[in-house]
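Trainee: I should like to understand how the terms used for this structure are justified. May we go through them one by one?

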Amino acid sequence: MIESPTKRLYGLDTLRALAILLVFANHYVNFVTHRPTLGAVGEIGWAGVDLFFALSGYLIGNQIFAGLRQGTFSLPVFYARRLLRTLPNYYVVLALYAFWPVFAAGSPHAPWWQYLTFTLNFDLKPGTRFSHSWSLCVEEQFYMALPALALLVAASRRWRLPLAWLLILASCVAGMLLRAHAWDAARPPQGGNALFYRTIYYSTLCRFDELVAGVALALLKNCHARAWARLTAWGNWTLASGVAVVGCAFQLFLANHFGRAETIYGYPLLALGFGLLVLAALSPGSLLYRLRVPGAASLALWSYAIYLVHKQLCIVLAPLLAPLGIAADEPLGVLLLLLASVWAGWLLYALVETPFMRLRARWFDVPRRQPAAGAAGSLSPS
């Protein structure tokens with residue numbers, strides 16, 4: 001789902017690995033066992049997507065702002081690199097849903113043009129085939145909009161940085177207002193939780209808080225070097241703060257995922273917490289930055305592919321364990337299906353993603369040079 005940095009950062013790898021494990025847990029209890037097999041972790045695991053969003057916001061924002069500062073940013077090259085990163089894996093898995101009846105498992109599909117154009121999340125009905133690709137739609141729409149907006153802001157020479165921060169602040173406020181309006185219209189649970197998912201949870205306009213938090217970090221790093229240095233000097237305090245804020249957000253959502261206050265304010269709180277964790281992962285003095293968790297780098301590298309295949313693969317394989325005397329809700333069943341998901345993700349990564357990433361490096365390698373003083377595309381202060 002997100003770009004891997006050239007230099008591996010252990011903290012970011014750990015967060016990506018955590019994100020995919022959370023998502024796996026949530027999909028496992030909701031679509032495989034249909035019971036709280038993994039306890040609170042399975043119930044709150046949907047927040048792994050939000051962690052992916054925060055990471056994407058930072059990594060993509062950092063690419064854009066660094067390119068603008070260096071004077072090397074190209075909108076066509078950025079789009080080409082994004083599409084070569086996201087489309088091959090996605091279309092291969094989409095073909096499995098379309099042409100392999102066993103994989104589709106009889107689930108209803110949306111109009112195919114919505115899958116092909118990453119617009120499936122518009123009024124998406126829960127239970128639709130490949131429904132978990134809603135988050136990929138949000139990210140792809142974000143990838144398309146952010147660089148064009150950044151170029152427009154950069155063109156405003158005098159007010160570019162104040163305008164950038166004003167847009168970030170306005171986005172945070174707009175997200176809360178949009179969710180408030182959508183909640184008042186849907187009124188879950190009176191209107192049904194399915195309506196909540198269709199109009200709020202899957203909606204791009206209601207789910208960009210964490211993406212914006214990541215972009216804010218990228219802007220801070222590239223345009224406010226002194227403030228960034230001061231902030232990253234307090235890595236362990238940032239880590240502790242992030243864990244505390246995320247814990248508070250989790251408590252809110254575990255108490256009532258569909259409440260009005262939780263819907264309006266819970267996602268910004270989650271964005272703040274995940275933003276702090278990403279900042280801690282980038283702070284050289286923090287434990288998260290220095291700790292190398294075994295296997296996290298591999299899970300991080302394969303996370304996009306695992307995300308695409310794990311849900312339906314587990315749904316298909318779980319019934320095959322029963323004749324072997326292995327229940328999907330037992331620890332051994334969970335472990336086997338997790339390993340199967342990781343293996344399938346690695347296979348997709350090796351056979352599809354890796355060749356296209358090599359082509360991307362050959363065709364669209366990004367040149368690097370020092371920014372010229374007063375470069376027209378720079379977002380830095382004049």
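**Aromatic pairs and burial**

Mentor: The structure holds 25 aromatic pairs. Rings of Phe, Tyr and Trp (its six-membered ring) pair if their centres lie within 6.5 Å; planes under 30 degrees apart count as stacked, over 60 as edge-to-face and the rest as tilted. This is a predicted model, in which local features need pLDDT of at least 70 and side-chain atom pairs count only at pLDDT 80 or more, while totals for chains, interfaces and linings use all residues. Residues are numbered from 1 along each chain as its sequence is written, and side-chain values use heavy atoms, with hydrogens and water left out.

Trainee: Why is the pair of F24 and Y28 called tilted?

Mentor: The ring centres of F24 and Y28 are 5.4 Å apart and the planes stand at 35°, so the pair is tilted.

Trainee: What makes the pair of W46 and Y201 edge-to-face?

Mentor: The planes of W46 and Y201 meet at 80°, with 6.0 Å from centre to centre.

Trainee: How do you know that W46 counts as buried?

Mentor: Buried means under 20% relative accessible area, exposed over 50%, partly exposed in between (1.4 Å probe, protein chains only). W46 has 7% relative accessibility and therefore counts as buried. Y201, at 6%, counts as buried too.

Trainee: What makes the charged end of R207 sit over the ring of Y201?

Mentor: A charge sits over a ring if NZ of Lys or CZ of Arg is within 6 Å of the ring centre and within 35 degrees of the ring normal. The charged end of R207 sits over the ring of Y201, 4.6 Å from its centre.
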